[in-house]
Amino acid sequence: FNNVPLLGMVAKGDSIYVITENAGTPALRSYNGGQTWTSLFQVGGASTSTLYKVLESNGILYLSSSNGIYRSANWGGTWSAMKGNFPFTTGTFNDMLVKGDTLMVAYEGYGIWHTSLCQATASAPNLAPCAGSSIQLQSSGGLTYSWSGPNGYTSSIANPLIQNITTAASGTFSVTVNTPGGCSIQKSVTITVQPGAGSLTLSAN
């Protein structure tokens with residue numbers, strides 16, 4: 001690492017992830033036990049953020065930085081901000097850890113904050129759409145999603161859109177959400193499709 005100060009390192013099997021104080025190469029990753037390394041130039045929210053600590057739980061990486069708290073499900077390939085869980089925009093980072101299914105973060109001036117890693121939601125903006133329109137399903141909190149519903153409907157994305165619906169689409173749509181905390185949570189949404197407006201024939205007398 002050419003005398004670059006290291007901030008932290010996590011490992012799982014042959015995968016190793018290291019964060020450094022080097023602004024040009026803030027992180028390095030190895031998939032073969034450290035025999036070869038790949039430099040990662042953007043870590044967390046921005047390449048200019050100051051990194052504090054990285055940890056691993058259930059194959060998920062968690063990173064604290066000056067831009068906030070981030071999570072990666074592909075060993076640092078991409079990161080998503082854990083928005084809404086932590087209020088930190090300024091202040092001094094103290095520590096971060098995962099205990100069970102809870103992520104805890106300590107920031108000077110804010111105290112100790114925590115959030116569950118086993119949370120999931122499911123919803124639909126319109127529970128009574130008209131035939132011929134669409135159903136927008138929404139879910140959050142997971143790493144993977146598995147929807148099922150009437151007429152053998154399935155989807156593996158978080159927010160699927162079902163277009164040109166008929167009344168046969170009425171029923172319960174269920175989703176299984178696999179969360180970063182290693183939980184499998186089931187949620188459901190009940191949709192009642194309303195018949196479309198009938199046609200109107202006008203005749204001149």
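Which residues is phenylalanine 173 in contact with, leaving aside its neighbours within four places in sequence? That was my way into this structure, which is a predicted model.

**Entry 1: phenylalanine 173**

I listed the contacts of phenylalanine 173 beyond its neighbours within four places in sequence: Ile135, Leu137, Trp147, Ser148, Gly149, Pro150, Tyr153, Ile162, Lys187, Ser188, Val189 and Ile191. Next I looked up the largest nonpolar core, and it has 19 residues. Phe173 turned up there among those with the most contacts inside the core, along with Ile135, Leu137, Ile162 and Ile191. I also checked which strands feed this core: β15 (144–149), β18 and β19 each supply at least two of its residues. Another core lies apart from it, with 12 residues, including Val10, Ala27, Leu61 and Tyr70. A note to self: in soluble globular proteins, nonpolar side chains tend to be buried together.

**Entry 2: β18 and β19**

Two of those strands deserved a page of their own. β18 covers residues 171–178 and β19 covers residues 184–191; I found them paired in the antiparallel sense, over 8 bridges. For a landmark I picked threonine 172, which stands opposite threonine 190 in β19. The two strands make a hairpin with 5 residues between them. In the turn I noted glycine 182, whose phi is positive, at about 85 degrees.

**Entry 3: threonine 179**

Threonine 179 sits in the loop between β18 and β19. Is it buried or exposed? I read a relative accessible area of 5% for threonine 179, so it is buried, the cut-off being under 20%. What does it touch, apart from its neighbours within four places in sequence? I wrote down Leu117, Cys118, Gln119, Gly141, Gly142, Leu143 and Ile185.

**Entry 4: the cysteines**

Cys118 in that list sent me looking for disulfides, and the structure holds 1. It joins cysteine 118 to cysteine 183, with an S to S distance of 1.8 Å. The pair links distant parts of the chain, 65 residues apart. I placed cysteine 118 in the loop between β11 (111–116) and β12 (121–123), and cysteine 183 in the loop between β18 and β19. Which hand does the disulfide have? The torsion about the S-S bond is about 75 degrees, so I put it down as right-handed.

Last, I compared accessibilities. Cysteine 118 counts as buried because its relative accessibility is 15%. Cysteine 183, at 24%, counts as partly exposed. I looked up cysteine 130 too: at 42% relative accessibility, it counts as partly exposed.

Methods:
Residues numbered from 1 in each chain as written. Predicted model: local features only at pLDDT ≥ 70, side-chain atom pairs only at ≥ 80, totals over all residues. Heavy atoms only, no water. Pairing = 2+ DSSP bridges. Helix = DSSP H or I, 4+ residues; strand = E, 2+ residues; numbered from the N terminus. Buried < 20%, exposed > 50% of the residue type's maximum accessible area, 1.4 Å probe, protein only. Contact = heavy atoms within 4.5 Å. Disulfide = S-S within 2.5 Å. Core = buried A, V, L, I, M, F, W, Y, C linked by side-chain atoms within 4.5 Å.
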